[in-house]
Amino acid sequence: MAKKGKDIRVTVILECTGCDKKDVNKESKGISRYITQKNRHNTPSRLELKKFCPCCCKHMIHAEIKK
């Protein structure tokens with residue numbers, strides 16, 4: 001039986017740490033973001049994954065941001 005209240009799995013947004021928000025201009029494509037889910041009980045800290053960034057054109061660390 002599932003518990004009521006807080007969900008164990010939550011949706012998080014991962015943002016590229018290599019892309020600077022200040023550096024974004026009309027020529028750049030923007031900031032790379034991914035949407036994924038994590039388990040609160042197994043991963044209580046902020047999630048960091050190495051994913052491909054199309055703006056940087058290489059694999060970079062994407063960290064969890066606040067919504």
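**Cysteines and strands in a four-stranded chain**

In this predicted model, the cysteine sulfur closest to that of C19 belongs to C56, and the distance of 3.5 Å between the two is too far for a bond. A disulfide is a covalent bond between the sulfur atoms of two cysteines. For a pair to count as one here, the sulfur atoms must lie within 2.5 Å, so the 3.5 Å that separates C19 from C56 does not qualify. C19 itself is buried, with a relative accessible area of 13%, a value that falls under the 20% limit for that class.

A similar question arises for C55. Its closest cysteine sulfur is the one in C53, at 4.5 Å, which is again too far for a bond. C55 counts as partly exposed, at 29% relative accessibility. Taken as a whole, the structure holds zero disulfides.

It helps to place these cysteines within the fold. The protein chain has four strands and zero helices, which gives the pattern β-β-β-β along the sequence. Strand β3 covers residues 48-53 and pairs with β4 in the antiparallel sense, over six bridges. C53 takes part in this pairing, with K58 in β4 as its bridge partner. The two strands make a hairpin in which four residues lie between β3 and β4. One residue of the turn, C57, has a positive phi of about 60°.

Strand β4, residues 58-65, also pairs with β1, residues 9-16. This second pairing is likewise antiparallel and runs over four bridges. Within it, I13 stands opposite I65 of β4.

Between β2 (33-39) and β3 comes a loop, and H41 has its place there. Is H41 buried or exposed? With a relative accessible area of 62%, H41 is exposed, since the limit for that class is over 50%. Although H41 and R9 are 32 residues apart along the chain, a distance of 8.6 Å separates their C-alpha atoms.

Some figures for the chain as a whole round off the picture. Of its 67 residues, 24% count as buried. The chain exposes about 5,700 Å², and 51% of that area is supplied by carbon and sulfur atoms. Among contacts with a separation of 6 or more, 49% are between residues 24 or more positions apart.

Terms used. Residues are numbered from 1 along each chain as its sequence is written. This is a predicted model: local features need pLDDT of at least 70, side-chain atom pairs count only at pLDDT 80 or more; totals for chains, interfaces and linings use all residues. Side-chain values use heavy atoms; hydrogens and water are left out. Buried means under 20% relative accessible area, exposed over 50%, partly exposed in between (1.4 Å probe, protein chains only). Contact means heavy atoms within 4.5 Å. Accessible areas come from the Shrake-Rupley method with a 1.4 Å probe; for residues, only the protein chains shown count as cover. Two strands pair if DSSP finds at least two bridges between them.
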